[in-house]
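Work through these exercises with the sequence and the coordinates open. Try each task before reading its solution.

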Amino acid sequence: MGKYFGTDGFRGEANKTLTVEHAYKVGRFLGWYYHELSGNRAKIVIGKDTRRSSYMFEYSLVAGLTASGADAYLLHVTTTPSVSYVVRTEDFDCGIMISASHNPYYDNGIKLINNRGEKMDEKTISYIEDYIDGHVNLFGEEMDEIPFATRDSIGCTVDYAAGRNRYVGYLISLATHSFRGMRIGLDCANGSAWMIGKNVFDALGAKTYVINAEPNGMNINNNAGSTHIEVLQQFVKDKHLDAGFAYDGDADRCIAVDDQGNVVNGDLILYVYGRYMKERGKLLNNTVVTTVMSNFGLYKAFDEVGIGYEKTAVGDKYVYECMQKNGHRIGGEQSGHIIFSKYTTTGDGILTSLKVMQVMLAKKMPLSKLTEPVKIYPQVLKNIRVRNKAEAQNDPDVQAAVEQVAGLLGDTGRILVRESGTEPVIRVMVEAETEEICEHYVNQVLDVIRANGHVE
C-alpha cells in the first residue's frame, strides 16, 4: 500500500483525509500522464456514488483533467463495476470511481481503474503519489509541476449517461431465464444501485420490491445495504419473498437473503454457483478462489462435492490476481465481492444477484435448499492492539500456542492469526463446532500475547 492509496483506492473522511486538492491533483496527473504516454488527448470516464461530497470530488477531478488537456466523460451516479465495464469496452485510457464503498457518508474515496477494467497498477499509483507530494520524475524529466493545457488543448466535459445505459443492457443480456413469477427484494443501500438494480430486475420480469432507494447524500449505507443485512432479512420475511439481494454503497458487493430469511453471504454464493459450474463442466481447473477469511464450513462442503480451492490474502484485489494468474473462473470474499472472470474484472453486486437467480431458476430450487449442504461453523474473531505486529506474531511462544490450537482442532476447525493492514492490531480468529470452543481457543492465544508483553 502507498502513502495515500490503499488496496481499494484513496479513501478517508471528505476534506480531512481526502481533500478537493487531492482530487484536483489526481485529475491533473492522469490527464497529463496519459497524453504523454500516447501523444493523444486522454479520454477518462468518471462515475460516482450518492454521497454529498461525491459531486465536490467529481468537479475537482474534472477541473484537473481538463486543465491537463484530457476529456472527462461523466457517467454520473453509477456503480463501480459499470465504470470498469465502460472503460474496458469503450476505449478509455482509464476510469475513476468516486466512492467509499460501504463506509459512512462522510467518508469518500477515489478508485482508479486501468484500460482493462482492472484496479490501477502500483507503479502508476506511485507516480500519482509523488505528484501529490510535489515532485515528478518521468519521461526523462524532473519537475515540481506539470504543464497546463492551453487554447484548443484544454479538455472538455462530456455527459456520458449513455455508457451507464449500455452497462444496464449488458447485465440484462447475461440473464439466461425470465424472472417472471419471482418476487424479489432489493436493498440498494441508498447508493449507486438505487436506480440500476430495479431497472434490471423489472426488465427481466421480476416483481421487484425495493428498499433504501431514496438517497439524500447522507443516508448511504445508513442502516441499509449489505453491511446491515438484518433489514433485508426482515423485509423478505414480512413480504414472503422468494429471495432478496443487498448491495453496498458502490454496488460491487452482494449479500443475499433466502426464502426463509437466512443470510446467504459470499461464501455461500461461491458454493452455490461454484457447484452449479462444476455440474455443467464450466468450472475451469475445478477451482474456486477464496480468501483466508472464508468459513471452514465452505471448505468442508467443497471437499464433499470434489471442488478444489485456493486461498488468498483478504481483498478482492488478491482474489482477482490469483484468478488471472491461474485461469480460474470464479472467486470472491465472504463480504460479498464475487468475481466472475468470464464477464467482468471486478466484483459486481448486481451481476452476482443475477447469477444466483440463474441457479435458482435452472435447478428449480429455492435458495435455502441450494445452500443447505454447507454447515457454517461458528466463528470468533478478536483484535488485540500491540506495540509491534511482526514481533508479536513471530514470537515463538505465540506461534507454539497457535500450533497447539491447530493440533487440538484437527479437522474440526481452524485458527487464523494475522496482522491488520491499517492498525497496530493482531487479529485472532477461530472456527469450530461451537461458539464456546472458539472463545476458549481465541482467549488461549490472546493470553500468551499479553503474557509476553506485546500489548500496547
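The exercises below concern a predicted model and move from the whole chain to single residues.

**Exercise 1. Overall dimensions**

Task: Determine how the radius of gyration of the protein chain relates to that of a compact globule with 456 residues.

Solution:
- Step 1. Take the expectation. A compact globule with 456 residues would have a radius of gyration near 23 Å.
- Step 2. Take the value for the chain. It is 23 Å, so the two agree.
- Step 3. Add the extents. The C-alpha trace spans about 70 × 60 × 40 Å along its principal axes.
- Step 4. Check the burial. Buried residues make up 56% of the 456 residues.
- Step 5. Check the contacts. Of those with a separation of 6 or more, 70% are between residues 24 or more positions apart.
- Step 6. Check the surface. The chain exposes about 18600 Å², and carbon and sulfur atoms supply 48% of that area.

**Exercise 2. Sheet order and edges**

Task: Find which strands stand at the edges of the seven-stranded open sheet.

Solution:
- Step 1. Count the elements. The chain has 15 helices and 21 strands.
- Step 2. Write the order of the seven strands: β1-β2-β6-β5-β3-β4-β9, with mixed pairing.
- Step 3. Read off the ends. β1 (5-6) and β9 (157-159) each have a single partner strand, so one side of each lacks a neighbour in the sheet.
- Step 4. Inspect one end. β4 (residues 71-77) and β9 run parallel and are joined by three bridges. Ala 72 in that region stands opposite Thr 157 in β9.
- Step 5. Place a helix on the sheet. Helix α3 (residues 80-89) lies across β3 (43-48), β4, β5 (94-98) and β6 (107-113). The angle between α3 and β5 is about 170 degrees.

**Exercise 3. Salt bridges across the sequence**

Task: Explain why the Arg 28–Glu 145 pair ties together parts that are apart in sequence.

Solution:
- Step 1. Confirm the pair. The closest N and O atoms of Arg 28 and Glu 145 are 3.4 Å apart, and the two form a salt bridge. The cut-off is 4 Å.
- Step 2. Locate both ends. Arg 28 lies in helix α1 (residues 20-38) and Glu 145 in the loop between β8 (141-143) and β9, so the pair ties together parts 117 residues apart in sequence.
- Step 3. Classify the exposure. Arg 28 is buried at 1% relative accessibility. Glu 145 is partly exposed at 41%.
- Step 4. Repeat for Arg 41 and Asp 71. Their salt bridge has its closest N and O atoms 3.5 Å apart. Arg 41 is in the loop between α1 and β3 and Asp 71 in strand β4, so this pair links parts 30 residues apart in sequence.
- Step 5. Classify again. Arg 41 is partly exposed at 34%, while Asp 71 is buried at 11%.

**Exercise 4. A salt-bridge network**

Task: Which residues are linked with Asp 8 and Arg 11 in a network of salt bridges?

Solution:
- Step 1. Start with the pair. The side chains of Arg 11 and Asp 8 meet at 2.9 Å, N to O.
- Step 2. Note that Arg 11 is partly exposed, at 24% relative accessibility.
- Step 3. Extend the network. Lys 111, Lys 119, Asp 250, Asp 252 and Asp 316 are linked with them.
- Step 4. Set this against the total. The count comes to 24 salt bridges.

**Exercise 5. Surroundings of a valine**

Task: Is Val 168 buried or exposed, and what is it in contact with beyond four places in sequence?

Solution:
- Step 1. Locate Val 168. It is in helix α5 (residues 161-174).
- Step 2. Apply the cut-off. Its relative accessible area is 12%, so Val 168 is buried, being under 20%.
- Step 3. List the contacts: Ile 196 and Val 200.
- Step 4. Compare distances. Val 168 and Val 200 are 32 residues apart in sequence and 6.7 Å apart in space, C-alpha to C-alpha.

Methods:
Residues are numbered from 1 along each chain as its sequence is written. This is a predicted model: local features need pLDDT of at least 70, side-chain atom pairs count only at pLDDT 80 or more; totals for chains, interfaces and linings use all residues. Side-chain values use heavy atoms; hydrogens and water are left out. Two strands pair if DSSP finds at least two bridges between them. Helices (H or I, at least four residues) and strands (E, at least two) are DSSP runs, numbered from the N terminus. Contact means heavy atoms within 4.5 Å. Axes are lines fitted to C-alpha atoms, for helices over the stretch in contact, and angles run from 0 to 180 degrees between N-to-C directions. Buried means under 20% relative accessible area, exposed over 50%, partly exposed in between (1.4 Å probe, protein chains only). The radius of gyration is taken over C-alpha atoms; the globule rule is 2.2 Å times the number of residues to the power 0.38. Accessible areas come from the Shrake-Rupley method with a 1.4 Å probe; for residues, only the protein chains shown count as cover.
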